[in-house]
Amino acid sequence: MTIKPEDILRAIATARGDAICVPTMTTSPAWRTLAPDDLSIGCVGFMGGASSLGLGLALSMPKRRVIVFDGDGSLLMQLGSLATIAGARARNLTHLLFKNGVYHTSGSQEIPGGLSVDFVQMAQGAGYRKAYAVSDFEDFKRRLPSMLTDEGPLFVELHTGLADKTPMTDRGGQPFHQQVESLYQKLHKAG
Amino acid sequence: MPESIPASLIIDTLKDTFREARKELAAEVAEPPQHSHLGWILSVPDTHQKTVLAALDKERALRVVTCATEDEANAINAGLWIGGEPVVLMIQHAGLYASVNTLRGVAMDGRVPTFYMIGLLQRERDRDPKESRHSMVRFAEPLLDTFSVPHARLEGPDDVHLIPEYYRLSRQRRGPTAVLVGLETM
(Lines give C-alpha, C1' and ligand atoms only; values in the text may rest on other atoms or scores of the structure.)
Protein backbone atom coordinates (compact mmCIF):
# COMPACT_ATOMS: atom_id res chain seq x y z
CA MET A 1 0.00 0.00 0.00
CA THR A 2 1.22 3.50 -0.73
CA ILE A 3 0.22 6.91 0.54
CA LYS A 4 -0.56 9.98 -1.50
CA PRO A 5 2.27 12.46 -0.86
CA GLU A 6 -0.20 15.34 -0.87
CA ASP A 7 -2.11 13.74 2.02
CA ILE A 8 1.09 13.55 4.04
CA LEU A 9 1.98 17.16 3.30
CA ARG A 10 -1.53 18.35 4.17
CA ALA A 11 -1.34 16.62 7.55
CA ILE A 12 2.10 18.10 8.25
CA ALA A 13 0.93 21.59 7.25
CA THR A 14 -1.80 21.34 9.88
CA ALA A 15 0.38 19.90 12.66
CA ARG A 16 3.81 21.50 12.18
CA GLY A 17 3.45 24.59 14.37
CA ASP A 18 6.50 26.82 13.90
CA ALA A 19 8.69 24.09 12.40
CA ILE A 20 10.87 25.01 9.43
CA CYS A 21 10.23 22.73 6.45
CA VAL A 22 12.70 21.86 3.70
CA PRO A 23 10.90 20.39 0.66
CA THR A 24 12.69 19.14 -2.43
CA MET A 25 11.74 17.89 -5.89
CA THR A 26 8.19 16.50 -6.13
CA THR A 27 7.08 17.72 -2.71
CA SER A 28 7.84 21.31 -3.69
CA PRO A 29 4.83 22.18 -5.90
CA ALA A 30 2.26 20.82 -3.46
CA TRP A 31 4.00 22.39 -0.47
CA ARG A 32 3.96 25.81 -2.16
CA THR A 33 0.18 25.57 -2.32
CA LEU A 34 -0.33 24.11 1.14
CA ALA A 35 2.07 26.39 3.00
CA PRO A 36 2.66 29.55 1.00
CA ASP A 37 4.78 32.35 2.41
CA ASP A 38 5.85 30.63 5.60
CA LEU A 39 8.95 29.20 7.29
CA SER A 40 10.02 26.91 4.47
CA ILE A 41 12.97 26.76 2.13
CA GLY A 42 13.12 24.48 -0.87
CA CYS A 43 16.23 22.73 -2.07
CA VAL A 44 16.36 24.11 -5.61
CA GLY A 45 19.30 23.76 -7.99
CA PHE A 46 21.42 21.37 -5.95
CA MET A 47 19.61 18.03 -5.91
CA GLY A 48 20.49 15.94 -2.89
CA GLY A 49 21.16 18.87 -0.58
CA ALA A 50 17.89 19.01 1.37
CA SER A 51 19.09 16.88 4.27
CA SER A 52 22.27 18.93 4.71
CA LEU A 53 20.42 22.23 4.41
CA GLY A 54 18.03 20.96 7.07
CA LEU A 55 20.94 19.93 9.29
CA GLY A 56 22.43 23.42 9.14
CA LEU A 57 19.10 24.98 10.07
CA ALA A 58 18.59 22.49 12.90
CA LEU A 59 22.05 23.10 14.37
CA SER A 60 21.61 26.86 14.24
CA MET A 61 18.20 26.82 15.95
CA PRO A 62 18.22 23.91 18.41
CA LYS A 63 14.90 24.93 19.97
CA ARG A 64 12.98 24.81 16.72
CA ARG A 65 11.95 21.65 14.86
CA VAL A 66 13.25 21.28 11.30
CA ILE A 67 11.51 18.85 8.95
CA VAL A 68 13.17 17.70 5.72
CA PHE A 69 10.97 16.32 2.94
CA ASP A 70 13.57 14.27 1.08
CA GLY A 71 13.25 12.04 -1.98
CA ASP A 72 14.81 8.62 -2.44
CA GLY A 73 16.64 9.65 -5.62
CA SER A 74 17.75 12.86 -3.93
CA LEU A 75 19.05 11.15 -0.82
CA LEU A 76 21.05 8.69 -2.92
CA MET A 77 22.95 11.66 -4.35
CA GLN A 78 24.28 12.57 -0.90
CA LEU A 79 23.87 9.36 1.03
CA GLY A 80 26.79 10.24 3.27
CA SER A 81 24.62 12.96 4.78
CA LEU A 82 22.96 10.23 6.87
CA ALA A 83 26.24 9.72 8.72
CA THR A 84 26.93 13.45 8.92
CA ILE A 85 23.49 14.12 10.41
CA ALA A 86 23.80 11.27 12.88
CA GLY A 87 27.30 12.40 13.85
CA ALA A 88 26.12 15.97 14.43
CA ARG A 89 23.37 14.67 16.76
CA ALA A 90 20.75 17.18 15.64
CA ARG A 91 18.04 16.47 18.23
CA ASN A 92 15.48 18.70 16.53
CA LEU A 93 15.74 17.23 13.02
CA THR A 94 13.01 15.09 11.46
CA HIS A 95 14.08 13.56 8.17
CA LEU A 96 11.12 12.34 6.14
CA LEU A 97 11.90 10.30 3.04
CA PHE A 98 9.21 10.20 0.35
CA LYS A 99 10.06 6.86 -1.23
CA ASN A 100 8.53 6.09 -4.62
CA GLY A 101 11.41 4.20 -6.26
CA VAL A 102 11.78 6.53 -9.23
CA TYR A 103 13.19 9.85 -10.37
CA HIS A 104 9.69 11.23 -10.87
CA THR A 105 10.73 14.72 -11.95
CA SER A 106 12.96 13.55 -14.81
CA GLY A 107 10.48 11.03 -16.22
CA SER A 108 10.09 8.29 -13.61
CA GLN A 109 13.25 6.34 -14.38
CA GLU A 110 13.87 3.78 -11.62
CA ILE A 111 16.40 4.79 -8.99
CA PRO A 112 19.37 2.44 -8.48
CA GLY A 113 17.94 -0.53 -6.64
CA GLY A 114 14.37 0.68 -7.08
CA LEU A 115 12.01 0.10 -4.20
CA SER A 116 14.22 -2.59 -2.70
CA VAL A 117 16.65 -0.06 -1.23
CA ASP A 118 16.18 -0.09 2.54
CA PHE A 119 16.82 3.43 3.75
CA VAL A 120 15.62 2.62 7.26
CA GLN A 121 18.48 0.20 7.74
CA MET A 122 20.87 2.76 6.33
CA ALA A 123 19.68 5.46 8.74
CA GLN A 124 19.84 3.05 11.65
CA GLY A 125 23.31 1.97 10.63
CA ALA A 126 24.41 5.58 10.32
CA GLY A 127 23.33 6.24 13.89
CA TYR A 128 19.98 8.03 13.74
CA ARG A 129 18.26 7.95 17.09
CA LYS A 130 15.17 6.37 15.56
CA ALA A 131 14.27 5.14 12.07
CA TYR A 132 11.19 3.36 10.79
CA ALA A 133 8.95 2.97 7.73
CA VAL A 134 5.32 3.93 7.32
CA SER A 135 3.17 2.65 4.48
CA ASP A 136 -0.35 3.43 5.66
CA PHE A 137 -1.86 6.91 5.99
CA GLU A 138 -3.77 6.12 9.20
CA ASP A 139 -0.52 4.89 10.74
CA PHE A 140 1.19 8.08 9.54
CA LYS A 141 -1.46 10.29 11.16
CA ARG A 142 -1.17 8.35 14.40
CA ARG A 143 2.60 8.74 14.50
CA LEU A 144 2.81 12.32 13.24
CA PRO A 145 2.73 14.05 16.66
CA SER A 146 5.72 12.03 17.83
CA MET A 147 7.55 12.69 14.53
CA LEU A 148 7.40 16.37 15.44
CA THR A 149 8.50 16.00 19.04
CA ASP A 150 10.65 12.87 19.40
CA GLU A 151 14.31 13.50 20.01
CA GLY A 152 16.19 13.29 16.74
CA PRO A 153 17.73 12.79 14.43
CA LEU A 154 14.62 10.90 13.42
CA PHE A 155 14.20 9.18 10.05
CA VAL A 156 10.89 8.06 8.57
CA GLU A 157 10.68 6.23 5.26
CA LEU A 158 7.25 7.01 3.78
CA HIS A 159 6.03 4.60 1.13
CA THR A 160 4.27 6.92 -1.27
CA GLY A 161 2.79 6.95 -4.72
CA LEU A 162 3.69 9.61 -7.25
CA ALA A 163 2.84 13.22 -6.55
CA ASP A 164 0.25 14.89 -8.78
CA LYS A 165 2.77 17.53 -9.84
CA THR A 166 6.52 17.76 -10.28
CA PRO A 167 8.79 20.81 -10.56
CA MET A 168 8.73 20.19 -14.33
CA THR A 169 4.96 20.02 -14.75
CA ASP A 170 4.29 22.85 -12.31
CA ARG A 171 7.06 25.35 -12.63
CA GLY A 172 7.13 28.31 -10.37
CA GLY A 173 8.07 29.19 -6.86
CA GLN A 174 10.79 31.56 -5.79
CA PRO A 175 14.38 31.06 -6.90
CA PHE A 176 16.63 29.75 -4.15
CA HIS A 177 18.28 33.09 -3.35
CA GLN A 178 14.91 34.70 -2.73
CA GLN A 179 13.92 31.86 -0.44
CA VAL A 180 17.21 32.23 1.45
CA GLU A 181 16.66 35.95 1.90
CA SER A 182 13.01 35.54 2.80
CA LEU A 183 13.66 32.94 5.50
CA TYR A 184 16.58 34.93 6.90
CA GLN A 185 14.40 38.03 7.16
CA LYS A 186 11.53 36.15 8.78
CA LEU A 187 13.80 34.57 11.36
CA HIS A 188 15.83 37.64 12.25
CA LYS A 189 13.91 40.76 11.38
CA ALA A 190 10.46 39.86 12.67
CA GLY A 191 8.48 42.63 14.30
CA MET B 1 59.31 31.71 0.41
CA PRO B 2 56.08 30.50 2.03
CA GLU B 3 56.06 29.46 5.68
CA SER B 4 53.86 27.14 7.72
CA ILE B 5 51.30 28.80 9.98
CA PRO B 6 50.85 27.58 13.57
CA ALA B 7 47.47 26.01 14.25
CA SER B 8 47.02 28.13 17.36
CA LEU B 9 47.35 31.33 15.33
CA ILE B 10 44.68 30.21 12.89
CA ILE B 11 42.34 29.18 15.69
CA ASP B 12 42.78 32.44 17.58
CA THR B 13 42.14 34.34 14.36
CA LEU B 14 38.97 32.35 13.71
CA LYS B 15 37.75 33.07 17.22
CA ASP B 16 38.31 36.79 16.76
CA THR B 17 36.59 36.63 13.38
CA PHE B 18 33.56 34.91 14.85
CA ARG B 19 33.39 37.32 17.81
CA GLU B 20 33.30 40.21 15.39
CA ALA B 21 30.64 38.46 13.28
CA ARG B 22 28.42 37.90 16.31
CA LYS B 23 28.80 41.52 17.35
CA GLU B 24 27.74 42.69 13.91
CA LEU B 25 24.75 40.38 13.85
CA ALA B 26 23.69 41.54 17.30
CA ALA B 27 23.62 45.10 16.03
CA GLU B 28 21.62 44.12 12.98
CA VAL B 29 18.86 41.75 14.08
CA ALA B 30 16.01 41.81 16.56
CA GLU B 31 16.98 38.70 18.53
CA PRO B 32 20.52 37.49 17.85
CA PRO B 33 21.17 33.80 18.54
CA GLN B 34 22.45 33.07 22.03
CA HIS B 35 24.88 30.16 22.15
CA SER B 36 27.80 29.15 24.32
CA HIS B 37 30.00 28.63 21.26
CA LEU B 38 31.44 31.29 18.94
CA GLY B 39 30.94 29.59 15.60
CA TRP B 40 31.20 26.52 13.43
CA ILE B 41 33.89 24.75 11.46
CA LEU B 42 32.56 22.54 8.68
CA SER B 43 35.36 20.20 7.82
CA VAL B 44 36.00 17.55 5.26
CA PRO B 45 39.32 16.55 6.75
CA ASP B 46 42.30 18.01 4.95
CA THR B 47 45.84 16.68 5.37
CA HIS B 48 47.20 20.17 4.87
CA GLN B 49 45.28 21.63 7.83
CA LYS B 50 45.43 18.55 10.06
CA THR B 51 47.18 20.30 12.94
CA VAL B 52 44.35 22.84 13.03
CA LEU B 53 41.74 20.07 12.98
CA ALA B 54 43.59 18.24 15.77
CA ALA B 55 43.73 21.39 17.90
CA LEU B 56 40.03 22.05 17.26
CA ASP B 57 39.23 18.76 19.00
CA LYS B 58 40.15 20.46 22.27
CA GLU B 59 38.24 23.67 21.57
CA ARG B 60 34.85 24.20 23.16
CA ALA B 61 34.24 27.64 21.67
CA LEU B 62 34.36 26.36 18.11
CA ARG B 63 32.01 23.56 17.13
CA VAL B 64 33.21 21.20 14.44
CA VAL B 65 30.98 19.20 12.13
CA THR B 66 32.87 16.64 10.10
CA CYS B 67 31.06 16.27 6.79
CA ALA B 68 31.18 13.30 4.44
CA THR B 69 31.43 15.57 1.39
CA GLU B 70 32.06 19.19 0.49
CA ASP B 71 28.60 19.26 -1.11
CA GLU B 72 27.14 18.66 2.31
CA ALA B 73 29.36 21.32 3.83
CA ASN B 74 28.02 23.91 1.39
CA ALA B 75 24.39 23.14 2.17
CA ILE B 76 24.98 22.93 5.94
CA ASN B 77 26.73 26.29 5.73
CA ALA B 78 23.61 27.76 4.10
CA GLY B 79 21.39 26.51 6.90
CA LEU B 80 23.74 27.76 9.60
CA TRP B 81 24.04 31.17 7.96
CA ILE B 82 20.26 31.52 7.65
CA GLY B 83 20.10 30.73 11.35
CA GLY B 84 22.57 33.51 12.12
CA GLU B 85 25.65 31.41 12.85
CA PRO B 86 29.27 32.22 11.89
CA VAL B 87 30.81 29.44 9.79
CA VAL B 88 34.07 28.49 8.08
CA LEU B 89 34.48 25.61 5.61
CA MET B 90 37.86 23.88 5.90
CA ILE B 91 38.44 21.70 2.86
CA GLN B 92 41.11 20.62 0.39
CA HIS B 93 41.51 21.65 -3.25
CA ALA B 94 40.29 18.21 -4.37
CA GLY B 95 37.09 18.88 -2.43
CA LEU B 96 36.64 22.18 -4.19
CA TYR B 97 36.76 20.36 -7.52
CA ALA B 98 34.32 17.74 -6.22
CA SER B 99 31.74 20.29 -5.08
CA VAL B 100 31.58 22.75 -7.94
CA ASN B 101 27.83 22.26 -8.39
CA THR B 102 27.04 23.24 -4.82
CA LEU B 103 29.50 26.13 -4.99
CA ARG B 104 27.44 27.34 -7.94
CA GLY B 105 23.96 26.32 -6.74
CA VAL B 106 24.18 27.21 -3.06
CA ALA B 107 26.90 29.79 -2.50
CA MET B 108 26.61 31.67 -5.79
CA ASP B 109 23.03 31.29 -7.03
CA GLY B 110 21.71 31.20 -3.47
CA ARG B 111 23.77 34.28 -2.55
CA VAL B 112 24.87 32.57 0.62
CA PRO B 113 27.97 33.95 2.36
CA THR B 114 30.47 31.11 2.19
CA PHE B 115 34.05 31.35 3.42
CA TYR B 116 36.46 28.60 2.48
CA MET B 117 39.89 27.76 3.85
CA ILE B 118 41.33 25.49 1.18
CA GLY B 119 44.46 23.44 1.74
CA LEU B 120 46.84 23.23 -1.22
CA LEU B 121 48.16 19.75 -0.55
CA GLN B 122 51.38 19.04 -2.50
CA ARG B 123 52.03 22.71 -3.13
CA GLU B 124 55.79 23.02 -3.65
CA ARG B 125 57.64 25.42 -1.35
CA ASP B 126 59.85 26.73 -4.14
CA ARG B 127 57.26 27.14 -6.86
CA ASP B 128 54.28 29.38 -7.51
CA PRO B 129 51.05 27.32 -7.30
CA LYS B 130 50.23 28.24 -10.89
CA GLU B 131 53.50 26.56 -11.94
CA SER B 132 52.98 23.46 -9.78
CA ARG B 133 53.75 20.03 -11.14
CA HIS B 134 50.50 18.85 -9.54
CA SER B 135 47.25 19.59 -11.33
CA MET B 136 45.37 19.68 -7.99
CA VAL B 137 47.50 22.66 -6.98
CA ARG B 138 47.76 24.28 -10.40
CA PHE B 139 44.05 24.46 -11.16
CA ALA B 140 42.72 25.69 -7.81
CA GLU B 141 43.14 29.41 -8.42
CA PRO B 142 42.03 29.28 -12.07
CA LEU B 143 38.89 27.41 -10.99
CA LEU B 144 38.08 30.08 -8.42
CA ASP B 145 38.74 32.73 -11.07
CA THR B 146 36.38 30.98 -13.48
CA PHE B 147 33.60 31.31 -10.94
CA SER B 148 34.67 34.85 -9.96
CA VAL B 149 35.33 33.77 -6.38
CA PRO B 150 37.62 36.27 -4.65
CA HIS B 151 40.61 34.48 -3.17
CA ALA B 152 43.97 35.09 -1.49
CA ARG B 153 46.95 33.02 -0.44
CA LEU B 154 47.93 32.39 3.15
CA GLU B 155 51.67 32.18 2.62
CA GLY B 156 52.73 32.54 6.24
CA PRO B 157 51.84 33.87 9.70
CA ASP B 158 51.83 37.47 8.45
CA ASP B 159 48.91 36.66 6.18
CA VAL B 160 46.37 35.56 8.79
CA HIS B 161 44.75 39.01 8.62
CA LEU B 162 43.32 37.74 5.32
CA ILE B 163 41.07 35.36 7.24
CA PRO B 164 38.81 38.05 8.76
CA GLU B 165 39.11 40.15 5.59
CA TYR B 166 37.85 37.42 3.29
CA TYR B 167 35.30 36.26 5.84
CA ARG B 168 33.84 39.78 5.92
CA LEU B 169 34.01 39.97 2.14
CA SER B 170 31.88 36.82 1.82
CA ARG B 171 29.22 38.51 3.98
CA GLN B 172 29.44 41.80 2.11
CA ARG B 173 29.16 40.27 -1.35
CA ARG B 174 26.71 37.56 -0.24
CA GLY B 175 28.63 34.76 -1.89
CA PRO B 176 31.78 32.65 -1.76
CA THR B 177 35.32 33.78 -0.94
CA ALA B 178 38.38 31.68 -0.22
CA VAL B 179 41.83 31.72 1.31
CA LEU B 180 44.30 29.11 0.10
CA VAL B 181 46.55 27.60 2.74
CA GLY B 182 49.93 27.41 1.05
CA LEU B 183 51.94 25.11 3.25
CA GLU B 184 50.90 22.49 5.75
CA THR B 185 49.96 24.11 9.06
CA MET B 186 52.06 23.27 12.12
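Which residue of strand 7 of chain A does Val134(A) stand opposite? That would be Leu158(A). Before going further, keep in mind that this is a predicted model.

**Strand 7 and its neighbours**

Let's stay with strand 7 of chain A, which covers residues 154-159. Is this strand mostly covered or mostly exposed? It's mostly covered, with 5 of its 6 residues buried. Strand 7 of chain A pairs with strand 3 of chain A and is also joined to strand 6 of chain A. Here's how those two pairings look side by side:

| Partner of strand 7 (chain A) | Residues | Sense | Bridges |
|---|---|---|---|
| Strand 3 (chain A) | 93-99 | parallel | 6 bridges |
| Strand 6 (chain A) | 130-134 | parallel | 5 bridges |

On the strand 3 pairing, you can pick out Thr94(A), whose bridge partner in strand 7 of chain A is Leu154(A). As for strand 6 of chain A, the chain leaves it, passes through helix 7 of chain A (residues 137-147) and arrives at strand 7 of chain A. That β-α-β crossover is right-handed.

**Where chain A meets chain B**

Now for the contact between the two chains. Chain A puts in 29 residues and chain B puts in 28 residues. On the chain A side, helix 3 (50-60), helix 5 (81-88) and helix 8 (176-188) each supply at least two residues. Which helix gives the largest share of that side? Helix 3 of chain A does, with 8 residues. Sorted by class, the side of chain A that touches chain B has 14 nonpolar residues, 14 polar residues and 1 charged residue.

Note on methods: Residues are numbered from 1 along each chain as its sequence is written. Chains are lettered from A and ligands numbered from 1 in the order in which they are written. This is a predicted model: local features need pLDDT of at least 70, side-chain atom pairs count only at pLDDT 80 or more; totals for chains, interfaces and linings use all residues. A residue is buried if 20 or more other C-beta atoms lie within 10 Å of its own, exposed if 12 or fewer, and partly exposed in between; C-beta atoms are placed from the backbone. Helices (H or I, at least four residues) and strands (E, at least two) are DSSP runs, numbered from the N terminus. Two strands pair if DSSP finds at least two bridges between them. A crossover is right-handed if, with the strands pointing away from the viewer, the path from the first strand over the helix to the second runs clockwise. Two residues are in contact if their C-beta atoms, placed from the backbone, lie within 7 Å. Ala, Val, Leu, Ile, Met, Phe, Trp, Tyr, Cys and Pro count as nonpolar, Asp, Glu, Lys and Arg as charged, and the others, Gly among them, as polar.
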